[in-house]
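Here are a few exercises to work through with the structure open beside you. Try each task before reading its solution.

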Amino acid sequence: MTGLIAKAGLQLVLVLLVAPLLGGIIKTLKARLQTRRGPNILQSYRDIFKLFRKGMVIPETASWIFSATPYVVFVTAALVGLMIPMTATDAPLSLFGGVLAVVYLLALGRFFLALGGLDAGSSFGGLGSSREMTLSAIAEPAMMLAIFTVALAASSTNLSEMAKVAVSQSWKFLAPSQMLAFAALFIVLIAETGRIPVDNPATHLELTMIHEAMILEYSGPYLALIEYGASIKQLVLMTLVVNTFFPFGLSSDWTVRGLGVGLLFYFTKMLLLACLIVLVETTNAKLRLFRVPELLMVSFIFGALALISTFLF
Amino acid sequence: MNTLPVGPAFALSLAAYSTGALASLAIWRKPALCRYICCGSALAGASFGGLAAVLGILQGAPLRWSISSGIPLFAYSFDYDALAGFFNLTLAILAGAVSIYSFGYLKEFEGKRNIGFFGFLFHLLLLSLTIVFTAANAFLFLIGWEVMALAAYGLVTFYHEDRETRRAGLLYIVMAHIDAGCLLLGFALLMQVSGSADFASFRTAAGHLSSSQQAVAFVLFFVGFGIKAGVIPFHIWLPAAHPVAPSNISSLLSGVVLKAGIYGMTRVFLDGLGVLPSWAGLLVLIVGVASAVLGVLYALMEHDLKRLLAYHSIENIGIILIGLGAALVFRVAGHPQLAGLALIAALFHTLNHAIFKCLLFLGAGSVLHSTGTRNMEELGGLIRPMPVTAFCFLIGAVAISGLPPLNGFVSEWLTYQSLLAGFGATGGLTRILFPLAGSMLALTGALAAACFVKAFAITFLALPRNAGSRSAHEAPRSMLVGMSWLAMACVALGLGATWFLPAFDALTEQLLGQRIGSNLISSHGWVLSAGTPHGGMVSTSVIAIALLLLLIPALLVVSIAARRFASKRGPAWDCGLPGLTEDNEYTATAFSKALRMIFSVLYQPRREIQTVFDVSPYFPKAIRFETEIEPTFEKRLYVPLKDLLLRLATRMRAIQAGSIHAYLAYIFVTLVLLLLFGVRP
């Protein structure tokens, strides 16, 4: 029990520390690739810190749902952060919820975020909520197929079990099924974290924004919680992709040495994935909203092919 | 353990329902007293029924009572086994909540409508459902089934002055009789083989069924029970009939009456027809997937709150059938453990859906009661005048979307686990179907979440849209009690799933020969596992505790941060226009627009916009917007069928000469033919 709490505490600190940094790294990398200087890597921390020190304006039309939403978004994201293996194969809370719980907890956060968007009564919030729920609904089957492909190989939905199986066959990602599943999940990752070509995290143009439109009415500490939650969600999904397909360096225990090596590998892998995301973001234009389902359909087909190739090979 | 008074409790519940029915009719002239009697006796019946069910489940061993009737093939025989106990428990939970709710709800009927007749039909419905869930004789079952259909018809057409209601009632009664006809044929086939109408004899005779007889019986029962359960493509009566009934009845129709179809399928497919071949299971699975996905897609297009909920019933029946189909496939493939997992997933979802759908319909009923409209586009902002209703509706919305830590998540999780296991347990190409069904289940879940964001937000959040929603008031206390009881059940079954699931032990032992419920609880006690040692695990209770623990620091940080500046109330961003009004709000139609466009192949949407302007088209005086989607099943399947039927009927008119001599000749010829058929060796 104490071991569990210690592990959970350690991973919580890690998640909370790394999540904003990841956002900062992606922003900086992207700026460099576009030959800009870009913000400081630590800018995300400063943003969150600054938001916590600001006052809040709550819309007159909003109800308690508006105030509850930031907490739900943050808390579900943080809990999910404790369920996924980051540096060690056994995640602190993997016993209490596998990959299905992860997906559905994130969906709970999204459910409330969409309610919060509609609560103020302005059209922007509704617009964002509608788009967010639509796209996430279409992304869901593709994500599940890809996840199932991996889960079937481990015959478990427990993320630690999946990681253990993956570690025992580290080079399995070369198998066609795994590569296809990775491609499928990567597209879903782009969609779920709201990055180009699905959504543009840097825009506030009403015709194009999705996530930003939903949280338009939020300010101060509430906005900080939502932004923090979103960055944790991004970290979680990227970690999920990295550690299920490329389980190198995942330590099998929670010793200092194992964790050190695990952390080193983890950062390297995350950096590489961030580079890939940045590359995609820079070389693509944002898609029209009604083109996105086609992209997600591609992802679904990748997932289906992955599944069929597990069966064949 | 043979001393538990299951029988007396069960008899008392039947007696309470029957007395309630007769008493309501007797005192219909005194509406106030009638309301007390009506709700009181239903509550008493539900309490005794619930007691009987709990005792029956605790007892474990099936009980049997039989009174001979003197009529061949017919007997008043009841089988109170684990399956009957489970469905009776579902009925009792809902009947209790609805009878408390009705106490407040029926008040507006006083002086306007006949509460006595309502009470009669209401009790008759509950009585017939109890009989259906316990009957052990095919004829008793069919009588219960027919009474249930007729009582439901009476209740659906209770507001019969409406043309829409009468049409819906007609559609319902026609479909209900097609379904009863299929069942009658199915039972007739079984009776022919077994020589008796007893369910027990069907069980023993199942081995003598030839494979073609088994297939025919399966199809008949699947269509028959499928119509009652509202599976696609037999669903068309459901979104028509459920919304027009009084709301307390809609909740029972969607909560329990549909489940009678599920009960029938479980009873016959797992208990009466022997081991069905795997194509049967796969058919159930595929129909389930189609119902789930199409049901939710049609629900998304609705802005009538009760119709939306009715379409969600189709979706959830689909999810239940996915589990049931998987259970049938696993049973014939020789994996009783997995079959048990899938069956528990299906039945637990049956209970869960009954509870949250009943809750949502009651919530919609409160909204209708308070504002006078079911059209979401006219509602809004109801969370302020109706906080308790809104909170209960939110619980129901989270639960039906399958979100943790509530009960919908648990049963969907179990369904996912059984589908995943299906890949390894079956051979050939069919195994691909299981993960694909899982991905469609994921689509369904996500679309349901989108739909309930819409339903809750448009109805309860932001600004009120019409006079009715501006002057809304909270529902009377008894209605709130009824809803809160169901909301608490949603939370309890979600968080306490590990304590509840072992109750399925007796049920799976009876149907599959193994005690599986307790296998799903890992040795830690609080954790639900998929049954295999390294399989999936989840614990809704730990998730809930962890969420609360994580909430503490978040609350602390925000409250410390908020000390610097008090939060202010200000107007929402209105694009610089003068003030935000309800016209700026996103509507239900707008919310589902993106999905309407993405799935336009299915919906075939049609829209019409007319702009009226004086000088310049940039300054319109009025805009009329109209959009509708094509009712595919009605247009492509039922309308041609109806036309064909009418054409045949026109042809048949030739023999209806109206001459009594001709009719006597027909009767004579028929008699001769029947005699020839009868004496044929």
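**Exercise 1. Find how helices α7(A) and α9(A) are oriented relative to each other, and list the residues that bring them into contact.**

Solution. This is a predicted model, so each value below is computed from it.
- Step 1: Locate α7 (residues 176–192) and α9 (residues 220–245), both in chain A.
- Step 2: Compare their axes, which come within 10 Å and cross at roughly 175°.
- Step 3: Because angles over 145 degrees count as roughly antiparallel, α7(A) is roughly antiparallel to α9(A).
- Step 4: Collect the contact residues. α7(A) supplies Gln178(A), Phe182(A), Leu185(A), Phe186(A), Leu189(A) and Glu192(A), while α9(A) supplies Leu237(A), Met238(A), Val241(A) and Phe245(A).
- Step 5: Sort them by character: 8 are nonpolar, 1 is polar and 1 is charged.

**Exercise 2. Describe the side of chain B that touches chain A.**

Solution.
- Step 1: Count the residues on each side: chain B brings 69 and chain A brings 70.
- Step 2: Look for elements of chain B giving two or more residues; among them are α15 (407–425), α16 (433–460) and α21 (540–562).
- Step 3: Pick out the top contributor, which is α16(B) with 13 residues.
- Step 4: Split chain B's side by type, giving 50 nonpolar, 12 polar and 7 charged residues.
- Step 5: Now check for strand pairing across the chains. Strand β1 (residues 57–59) of chain A pairs with β5(B) in the parallel sense over 3 bridges, and Val57(A) has Lys568(B) as its bridge partner.

**Exercise 3. Explore the largest nonpolar core, using Cys490(B) as your way in.**

Solution.
- Step 1: Take in the whole set, 370 residues.
- Step 2: Find the residues with the most contacts inside the core: Ala184(A), Leu125(B), Ile344(B), Leu359(B) and Cys490(B).
- Step 3: Ask which element gives the largest share; helix α13 (residues 336–371) of chain B does, with 22 residues.
- Step 4: Zoom in on Cys490(B). Setting aside neighbours within four places in sequence, its contacts include Ile355(B), Phe356(B), Leu359(B), Ile395(B) and Ala399(B).

**Exercise 4. Work out how strand β6(B) is paired, and whether its residues are buried or not.**

Solution.
- Step 1: Find β6 (residues 606–613) of chain B and check burial: 0 of its 8 residues are buried, leaving the strand hardly covered.
- Step 2: Trace its partner. β6(B) runs antiparallel to β7 (residues 620–628) of chain B, joined by 8 bridges.
- Step 3: Check one bridge, where Ile609(B) is matched with Phe625(B).
- Step 4: Name the arrangement: β6(B) and β7(B) form a hairpin with 6 residues between them.

Notes
Residues are numbered from 1 along each chain as its sequence is written. Chains are lettered from A and ligands numbered from 1 in the order in which they are written. This is a predicted model: local features need pLDDT of at least 70, side-chain atom pairs count only at pLDDT 80 or more; totals for chains, interfaces and linings use all residues. A nonpolar core is a set of buried Ala, Val, Leu, Ile, Met, Phe, Trp, Tyr and Cys residues joined through C-beta atoms within 7 Å. A residue is buried if 20 or more other C-beta atoms lie within 10 Å of its own, exposed if 12 or fewer, and partly exposed in between; C-beta atoms are placed from the backbone. Helices (H or I, at least four residues) and strands (E, at least two) are DSSP runs, numbered from the N terminus. Two residues are in contact if their C-beta atoms, placed from the backbone, lie within 7 Å. Ala, Val, Leu, Ile, Met, Phe, Trp, Tyr, Cys and Pro count as nonpolar, Asp, Glu, Lys and Arg as charged, and the others, Gly among them, as polar. Two strands pair if DSSP finds at least two bridges between them. Axes are lines fitted to C-alpha atoms, for helices over the stretch in contact, and angles run from 0 to 180 degrees between N-to-C directions. Angles under 35 degrees count as roughly parallel, over 145 as roughly antiparallel, 65 to 115 as roughly perpendicular and the rest as oblique.
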